Amino acid sequence: MALSLIFLALLVLCPSSGLSQGSPSPGYYPSSRVATSSFDREFRTLWGSQHQRREQDVITLWLDKSTGSGFKSLRPYRSGYFGASIKLQPGFTAGVDTSLYLSNNQEHPGDHDEVDIEFLGTTPGKPYSLQTNVFARGSGDRNVIGREMKFTLWFDPTQDFHHYAILLNPNQIVFFVDDIPIRTYDRKNEATFPTRPMWVYGSIWDASDWATENGRIKADYRYQPFVAKYKNFKLAGCTADSSSSCRPPSPAPISNRGLSRQQMAALAWAQRNFLVYNYCHDPKRDHTQTPEC
């Protein structure tokens with residue numbers, strides 16, 4: 001009887017959705033509501049085609065001294081769920097940025113919107129940082145106003161694929177790791193929220209000037225190539241051409257109600273244990289530029 005109770009408790013903590021041992025169940029799994037799409041159906045190679053390989057359902061990108069690689073969705077979206085399962089490279093990866101993000105920078109140069117999930121490379125024995133960020137209406141161009149929140153992870157992202165996602169709707173952005181919400185960003189006014197259609201991107205590139213310990217440790221190409229693997233692409237939502245009646249997937253069990261109590265408890269757990277930087281709490285920042293804080 002005691003063993004049965006222990007087994008049931010483990011199932012609650014770690015359901016079959018792929019959650020890591022010890023992580024709480026969010027109770028709702030947005031990724032399960034979105035079908036997997038093939039890469040060719042949703043994306044095109046944007047740059048570094050010679051540094052991109054497709055093997056069955058896995059897309060491999062790599063960076064060496066010559067270049068990195070990236071891809072872009074075929075369609076822009078006003079809102080939706082955008083996710084992929086990603087596996088990172090172990091060892092020395094300082095200076096390397098592996099990303100999944102939304103942007104309209106090519107369509108609005110100098111005045112763009114962006115929503116980022118970025119994995120910032122590291123050195124052996126130190127964990128990757130997962131950085132989330134939001135830029136609105138050029139704040140990433142002329143006026144550099146990043147809204148960074150950085151996390152470590154409750155698993156080793158180099159050992160297996162894990163699912164990372166951004167859910168964007170007209171009122172909120174939610175960042176997910178294996179369906180656990182780790183951050184929400186609410187629309188408090190139009191000036192601080194991305195409202196124009198954005199494309200979905202993935203890339204690996206050299207960000208030595210800032211990625212690891214604020215740029216102190218650079219990419220070392222003695223360890224090249226630096227590799228990232230993507231699969232299980234999930235894109236669903238309202239494209240720029242969708243009718244005004246289109247509604248994106250819900251981040252929670254009940255639409256238009258915000259995250260559930262169980263999801264909020266999982267978010268609080270993630271931020272309590274793994275949040276390592278919050279721009280709102282940085283005394284060096286000018287918070288007159290970030291009124292949402």
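Buried means under 20% relative accessible area, exposed over 50%, and partly exposed in between, with a 1.4 Å probe and protein chains only. The model is predicted, so local features need pLDDT of at least 70 and side-chain atom pairs count only at pLDDT 80 or more, while totals for chains, interfaces and linings use all residues. Residues are numbered from 1 along each chain as its sequence is written, and side-chain values use heavy atoms, with hydrogens and water left out.

**Exercise 1.** Determine whether Asp113 and Arg196 are buried or exposed, and what their salt bridge ties together.

*Solution.*
- Step 1. A salt bridge is a side-chain nitrogen of Lys or Arg within 4 Å of a carboxyl oxygen of Asp or Glu.
- Step 2. In the pair Asp113 and Arg196, the closest N and O atoms are 2.8 Å apart.
- Step 3. Asp113 and Arg196 are both buried.
- Step 4. Asp113 is in the loop between strands E6 and E7, and Arg196 is in the loop between strands E12 and E13, so the pair ties together parts 83 residues apart in sequence. Strands (E, at least two residues) and helices (H or I, at least four) are DSSP runs, numbered from the N terminus.
- Step 5. Asp111, Asp113 and Arg196 are linked in a network of salt bridges.

**Exercise 2.** Classify Asp40 and Arg54 by relative accessibility.

*Solution.*
- Step 1. Asp40 forms a salt bridge with Arg54, with the closest N and O atoms 2.1 Å apart.
- Step 2. Asp40 lies in helix H2 and Arg54 in strand E2, 14 residues apart.
- Step 3. Asp40 has 52% relative accessibility and therefore counts as exposed.
- Step 4. Arg54 has 43% and therefore counts as partly exposed.
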